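Reader: I've got a protein model open and no clue how to read it. Can you walk me through a few features?

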Amino acid sequence: MAEDNVHPGASRQLLYGQDPSPGIVAVEQAGDSSVVLYRREVDGTVRREEDRFHPWLIAERPGPWTSLRGVTEIQRLRGDHPLCYLVDFASWQEYSDAARAARESSEPFFRFRSPTEQYLVRSGKTLFKSMVFDELLRLQLDIETLGLDPDDPESSIITIAMRLSTGQERFFANEAGEADLIQAATAWLIDQNPDVIEGHNVFNFDLPFLHTRAKRLGLDVRWGRDGSPLWVGDREQRFKAGPLTLPYRPGAISGRHIIDTYQQIQRYDVAGRLSSYALKNVMAVLFPDHARPVIAGSAIRETWQHGNLQDLEAYNLADVHDVDQLSRLTLPTEFYQAQLLPRSLQSTATGGPGEKINDLMVRSYIYQRHGLPRAQPPRPYPGGHAELLAVGSFSPVVKCDVESLYPSIMLRERIAAASDSLGASLPMLADLTRRRLEAKQWARESNASDREVWEGLQGSFKVLINSFYGYLGYSRGLFNDFDAAEQVTLAGQQLIRSVVDELGRRQAHPIEVDTDGVYFVPPAGVASEEEEICFVDGVGSILPDGIRLAHDGRYKGMLSLKLKNYALLAEDGSVIMKGSSLRSRRIEPCFRDFLRAAAVSFIHGEDAKVREDYFALAVRIRERDLSVSEFSQWTLLNPETAKSQPRLRRLLDRLGDTVQQGERVEIYERDDGELGLVNEYADDENIAFLLRRLHETAERFAPLFPQRADFLAFFPPITVRTDLNAALAAKATEQLTLFG
């Protein structure tokens, strides 16, 4: 366990930086030995200023570096950690050559690859000091094209919509040629001088498409604040959203940050409300009263060819309005984190939680001129306690949650990495925790506009607070410690089990436990939200000081199927589907709708309605009464994927040049067993296949039945020849009782 050796007041400096310089919105490398700072002034203008900068790294020994060209100074740092020599270089080129040579000779060292991060760590500066989120000038971007392959000569960009967070917007149409379109949009962007460029799937579509089309025309998309062109990488990087790491194609615009709301909404969706992260689906779920014009992707070309420019303008501008709304919902957390971290906003928004805590720890040690440890090799250790305690339909249901369980344990038990010899992590964690509580209090007491600021701050603090535990088990974290991570996890298991035991002792009915939370049916006499909160407070009274149990939600009902697979019916009637049994992007829309409706009916105790809906959908399938969009799926025409999928390969061969490889298309299974495009549909869907899919969908509810025979009686397999009237009339059992 580390001791608190950080000198008085240092934890605040380590968290917030040592330089209070306000208004810095971007830092970029400028030549080999300086950086450019872009600073937004009070009047809204952006001032450019230069600062000298010498790149650096941390080495284990001085010998291999002393003779290298460009090394200006080697300093021995304090402490006994192996990475203890700070090596400074005269220029970025000489630094890069030295790092490459060291890597080739397997000489150990640590460095930040980004010049921005190197400068911010050494200078003590961070971005956006003294700014609030609304002072950030953001530009939303959306393009419409005649195809999905930018290398196809016919897939030109036909419109570009841009909008500023201040409300100004512009629509550009390809009326005088694609080159003029790109140049007109570029001129407006440069004139507005935004800090951030935003779009939905902008990394994987809009920016690469613009970049490729411009290159075909001999143009550069010169959107940089220094006049430099948009850069789009050739290799995929990975973006972390919860347990998932997702690929994306990186891009960069000098002096500006790129934010992809397609990524941000996946981090935001911790409750799992969204089955798809496509823009229109996200807006429909998160903003159900939201209305906007829609043009199907397949109809864009026709709309353009018919000259319906007004419809395209309304549709294109609606997209950028939606992006702005999603950004306002998701980006403040990243913005306020960037005020703490030695990172750009773009790097903060795409970086994982372990990287961010590593930045804080390294900055704190460099600030105190102390050496760094090496990362421990990874090893397995126990995870959080997850347990399914009951299967079935329950109502009402309450969730209680141990607030910041693992960070609270770390603070109470003084658990930190053994290598944190300065004791920097726990003071930082304590300060973040205290400031989060203060921000939550201010949010409760503030008016609407100020409340947004405090909510953004407390959300940022929460993300970082919860990352301190994960950092202990982060394989690339210099201050990781798997023994400490295991100690925290085991303590957490013990605490949450004690909560479950106390719930039972107080006549509540626990349903499911997942790491730091428990869903349960409250005891008789606990009905209102106030009574639930009081009850949860009573349960939490058994926990040690510093560990708080909170009321974390109330629901009309819950359908529990298996561990981490359940449906929640919220007080407002909305439904949250959790787990692979109930959420899948590969399930056809008609079966997704059946799952959701069936879950709600089971929760309400309307079992007969579920069965009637099952047979009603079978009838619609048999009579070809479904629209093709109700049983279609989207797929990418990817030659690599097609190698292992013969039907997809045959579809590619059959379509030939009518579609582009890599294009996203809507397909269905034809009655001959082959795949077809939706726009070729001829009342020829495979009914037998869809009936099988219906029964496979119903299989998700099998855990509700005491015996397999009961399930098959309730949801009998249906074939093309099944007598549906007889099957519907038949009783599942003489006395069918669901849920055991």
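Author: Sure, let's begin with a term we'll need: buried means under 20% relative accessible area, exposed means over 50%, and partly exposed is in between. Keep in mind that this is a predicted model.

Reader: Okay, let's try that out. Is Asp322 buried or exposed?

Author: Asp322 has 0% relative accessibility, so it counts as buried. Its side chain meets that of Arg292 in a salt bridge, 2.8 Å from N to O. This pair links distant parts of the chain: Asp322 is in helix H10 (residues 309-338), while Arg292 is in the loop between helix H8 (279-286) and helix H9 (300-305), 30 residues apart.

Reader: And what about Arg292, buried or exposed?

Author: Arg292 comes out at 17% relative accessibility, so it counts as buried too.

Reader: How do I spot a salt bridge in the first place?

Author: Look for a side-chain nitrogen of Lys or Arg within 4 Å of a carboxyl oxygen of Asp or Glu. Try Arg61 and Glu107: their closest N and O atoms are 2.9 Å apart. In the chain, though, the two are 46 residues apart, with Arg61 in the loop between S4 and helix H2 (63-66) and Glu107 in the loop between helix H3 (92-104) and S7. Arg61 is partly exposed because its relative accessibility is 46%, whereas Glu107, at 9%, is buried.

Reader: Which residue forms a salt bridge with Arg554?

Author: That's Glu532, with the closest N and O atoms 2.8 Å apart. Arg554 lies in strand S22 (residues 549-562) and Glu532 in helix H17 (residues 529-540), so the pair ties together parts that are 22 residues apart in sequence. Glu532 is buried at 3%, and Arg554 is partly exposed at 22%.

Reader: How many salt bridges are there in the whole structure?

Author: A search finds 52. Some charged residues join up in a network of salt bridges: Asp134, Arg138, Arg163, Glu169, Glu198, Asp324 and Arg328 are linked that way.

Reader: Now the strands. In what order do the four strands of the open sheet come?

Author: To read a sheet, go across it from strand to strand. Here the order is S5-S6-S4-S7, with antiparallel pairing. Strand S5 (71-76) and strand S7 (109-110) are the edges, as each pairs on one side only. Further in, strand S4 (residues 56-59) and strand S6 (residues 85-89) pair over four bridges.

Reader: Which residue in S6 stands opposite Leu57?

Author: Val87 does. Find those two on screen and you've found where to look for this pairing.

How values were computed
Residues are numbered from 1 along each chain as its sequence is written. This is a predicted model: local features need pLDDT of at least 70, side-chain atom pairs count only at pLDDT 80 or more; totals for chains, interfaces and linings use all residues. Side-chain values use heavy atoms; hydrogens and water are left out. Two strands pair if DSSP finds at least two bridges between them. Buried means under 20% relative accessible area, exposed over 50%, partly exposed in between (1.4 Å probe, protein chains only).
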